[in-house]
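Student: Got a minute to go through a structure with me? I'd like to talk salt bridges and burial.

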Amino acid sequence: IINKNNINKKIISLLGNGGVGKSIATINIANLLDENNYKILILDFDILNNSLHTFLGVEKYPEKIKQKIKNNNLINNKINIKELILKINKNIDLISGINLLFDDKYKISSSKIKNILEELIENYDYIIIDTSSECFFDYTKNIIKNSDLNIFLVESNLTEIKKAKKLLEIYNKEWNIEKDKINLLINKYN
C-alpha cells in the first residue's frame, strides 16, 4: 500500500461478506497511512450497516447536517458530500452517513461515483472505502471499477469461503470485473 517513491493518489476499497472485518481493516489501513503522515479520507459506503463513526468515536453527522435533518430540509437544501466530512485527527477524515445522498427523494446515480471520488481525492493522498456486503447495489460495482486497489476479505472457514466464492462470481460474471482487479486477504486466521 505504501510506496513513498511513488505517491500517486490512491483509492483503496475493502470488499467482502458481512462480519469479515472490513471496518476494522479500513481503520487499520488508515492508521498505518496516518503513521506515515499521509492525508486520508475514509468513506463508509456500507449504507446498511455503517458503523465506522462508532468505532472512531464521533457522531454520524456534522451539526450542519443534523440541523437539515431536524428541519426536514434535505430536499430543498441538498447535501453536498463535502458537508459530511468529519475530522478524526490531523490526517484522517471520515464520511459516514453517505446513505443520505442515496435517498430516494433526490437520489444520486451510482454512475456518479467516479465523479465523487475524483472530487474528493484532490484533497487526500488516499481514500479508503468500506463497502457494503450487499451485491445488489450498483454503487459497489462502480467503487470496485474506480479503485486502484480492491482488497476482498474472507474468513478462513468453509462456510465463509463458499459465501466469498459466490460474491466473487457475481463481481466477475455479472459485473464484468476482472479477477486480477481484486486482491484476496484471509482475515481472522486461526
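Tutor: Sure. A term to start with: exposed means over 50% relative accessible area, and buried means under 20%. Keep in mind that this is a predicted model.

Student: Okay. Is lysine 87 buried or exposed?
Tutor: Lysine 87 has a relative accessible area of 51%, so it counts as exposed.

Student: Which residue does lysine 87 meet in a salt bridge?
Tutor: Aspartate 93, at 3.1 Å from N to O. Aspartate 93 is buried, because its relative accessibility is 5%.

Student: What network are those two linked in?
Tutor: A network of salt bridges that links Lys39, Lys87 and Asp93.

Student: How many salt bridges are there in the whole structure?
Tutor: Five. One of them pairs glutamate 119 with lysine 82, with the closest N and O atoms 3.9 Å apart. That pair links distant parts of the chain, 37 residues apart. Glutamate 119 is in helix H4, and lysine 82 is in the loop between helix H3 and E3.

Student: And which helix holds lysine 163 and glutamate 160?
Tutor: Both lie in helix H6, three residues apart, about one turn of the helix. Their side chains meet in a salt bridge at 3.0 Å. Glutamate 160 is buried at 10%, while lysine 163 is partly exposed at 38%.

Student: New topic. Where is asparagine 91?
Tutor: In the loop between strands E3 and E4. Asparagine 91 is buried, at 7% relative accessibility.

Student: What does its side chain join in a polar contact?
Tutor: The side chain of aspartate 34, at 2.8 Å. Beyond its sequence neighbours within four places, asparagine 91 also has contacts that include Tyr38 and Ile40.

Technical notes. Residues are numbered from 1 along each chain as its sequence is written. This is a predicted model: local features need pLDDT of at least 70, side-chain atom pairs count only at pLDDT 80 or more; totals for chains, interfaces and linings use all residues. Side-chain values use heavy atoms; hydrogens and water are left out. Helices (H or I, at least four residues) and strands (E, at least two) are DSSP runs, numbered from the N terminus. Buried means under 20% relative accessible area, exposed over 50%, partly exposed in between (1.4 Å probe, protein chains only). A polar contact is a pair of N or O atoms within 3.5 Å; within protein, one must be able to donate a hydrogen and the other to accept it, and residues adjacent in sequence count only if both atoms are side-chain atoms. Contact means heavy atoms within 4.5 Å. A salt bridge is a side-chain nitrogen of Lys or Arg within 4 Å of a carboxyl oxygen of Asp or Glu.
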